[in-house]
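User: I've got a model open and I'd like to learn how to read it, feature by feature. Can you walk me through it?

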Amino acid sequence: MRIVFTALLLLLVTVSAADAARKSGDDIFEPGKVVAAVSLRDQTMKVIIGGHERYQWPVSTGRGHYATPQGIYGAEWLSKNHRSRKYNNAPMPYAIFFHHGYAVHGTDQLSRLGSPASHGCVRLHPDNAALLFDLARTMGLDNVTVVIGD
């Protein structure tokens with residue numbers, strides 16, 4: 001938990017002042033808050049609810065020049081059965097959008113989880129994406145923070 005908190009503090013330095021003012025510090029770990037902390041290095045997501053780590057899942061983030069944006073973001077909107085307009089109508093089930101069209105969402109490319117493979121989004125196993133989606137819907141988008149870093 002201390003490592004995750006330290007990483008979050010380091011990320012605060014790299015985000016814009018507006019984002020930092022909206023989502024910062026200890027308040028994201030309060031009861032009723034959900035943090036999806038994505039490690040680009042490890043290709044994992046830790047889900048922290050009310051300050052307690054509840055889940056750890058493999059993910060796929062951006063590969064090559066399709067980088068996943070690093071920073072601290074609030075969840076913006078949900079789409080249960082989304083399809084990408086940019087990438088050939090690709091399915092993005094249980095999408096939680098967090099920054100300029102980037103999302104955490106399910107994937108059917110399960111063998112690629114655990115390594116970079118996306119065009120910048122954070123891909124999850126569909127069962128895990130559904131669980132995170134339901135948490136976001138139940139807890140409310142204002143209580144969900146996506147943290148992405150090394």
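Analyst: Sure. Let's begin with the labels: helices (H or I, at least four residues) and strands (E, at least two) are DSSP runs, numbered from the N terminus. Tyr-94, for example, sits in strand E6, residues 91–99. Keep in mind that this is a predicted model.

User: What is the phi of Tyr-94, and is Tyr-94 buried or exposed?

Analyst: Phi of Tyr-94 is positive, about 55°, although the residue is not a glycine. As for burial, the class between the cut-offs of 20% and 50% is called partly exposed. Tyr-94 has a relative accessible area of 23%, so it is partly exposed.

User: Which residue in the loop between E1 and E2 has a positive phi?

Analyst: That's Gln-43, found in the loop between E1 and E2. Its phi is near 55°, and Gln-43 is a residue other than glycine. Gln-43 counts as buried, at 3% relative accessibility. Thr-44 lies in strand E2, residues 44–49, and is buried too, with a relative accessible area of 16%. Leaving aside neighbours within four places in sequence, the contacts of Thr-44 include Ala-37, Val-38 and Ser-39, along with Gln-56 and Trp-57.

User: How do I read a strand like E9? How many of its residues are buried?

Analyst: Look at burial along the strand, then at its partners. In E9, residues 144–149, 6 of the 6 residues are buried, so the strand is largely enclosed by the rest of the structure. Val-144, Val-146 and Ile-148 point one way, while Thr-145, Val-147 and Gly-149 point the other way.

User: Which strands pair with E9, and in what sense?

Analyst: One is E1, residues 34–39, which pairs with E9 in the parallel sense over 6 bridges; there, Ala-37 has Val-147 as its bridge partner. Another is E4, residues 71–74, antiparallel to E9 over 4 bridges, with Gly-71 opposite Ile-148.

User: How about a helix? Why does the length of H3 agree with what one should expect?

Analyst: The expected span is 1.5 Å times one less than the number of residues. H3 covers residues 126–139, and its 14 residues should span 20 Å; the end C-alpha atoms are 20 Å apart, which agrees. The buried residues of H3 include Leu-132, Phe-133 and Leu-135. After H3 comes Gly-140, with a positive phi near 95°.

User: And what happens in the loop between H3 and E9?

Analyst: Asp-142 lies there, and it counts as exposed at 61% relative accessibility. Compare sequence with space here: Asp-142 and Ala-75 are 67 residues apart in sequence, yet their C-alpha atoms are 6.9 Å apart.

User: Last one: how do I describe aromatic pairs, and how many are there?

Analyst: A pair of aromatic rings is described by the distance of the centres and the angle of the planes. Rings pair if their centres lie within 6.5 Å, and planes under 30 degrees apart count as stacked. The count comes to 4 aromatic pairs. In one of them, the rings of Tyr-55 and Trp-57 have centres 5.2 Å apart and planes at 25°, so the pair is stacked. Tyr-55 is partly exposed at 29%, whereas Trp-57 is buried at 8%. Trp-77 and Phe-97 have ring centres 4.0 Å apart and planes at 5°, so this pair is stacked as well. That pair links distant parts of the chain, 20 residues apart: Trp-77 is in strand E5 and Phe-97 in strand E6. Trp-77 counts as partly exposed, at 38%, while Phe-97 is buried, at 4%.

Technical notes
Residues are numbered from 1 along each chain as its sequence is written. This is a predicted model: local features need pLDDT of at least 70, side-chain atom pairs count only at pLDDT 80 or more; totals for chains, interfaces and linings use all residues. Side-chain values use heavy atoms; hydrogens and water are left out. Buried means under 20% relative accessible area, exposed over 50%, partly exposed in between (1.4 Å probe, protein chains only). Two strands pair if DSSP finds at least two bridges between them. Contact means heavy atoms within 4.5 Å. Rings of Phe, Tyr and Trp (its six-membered ring) pair if their centres lie within 6.5 Å; planes under 30 degrees apart count as stacked, over 60 as edge-to-face and the rest as tilted.
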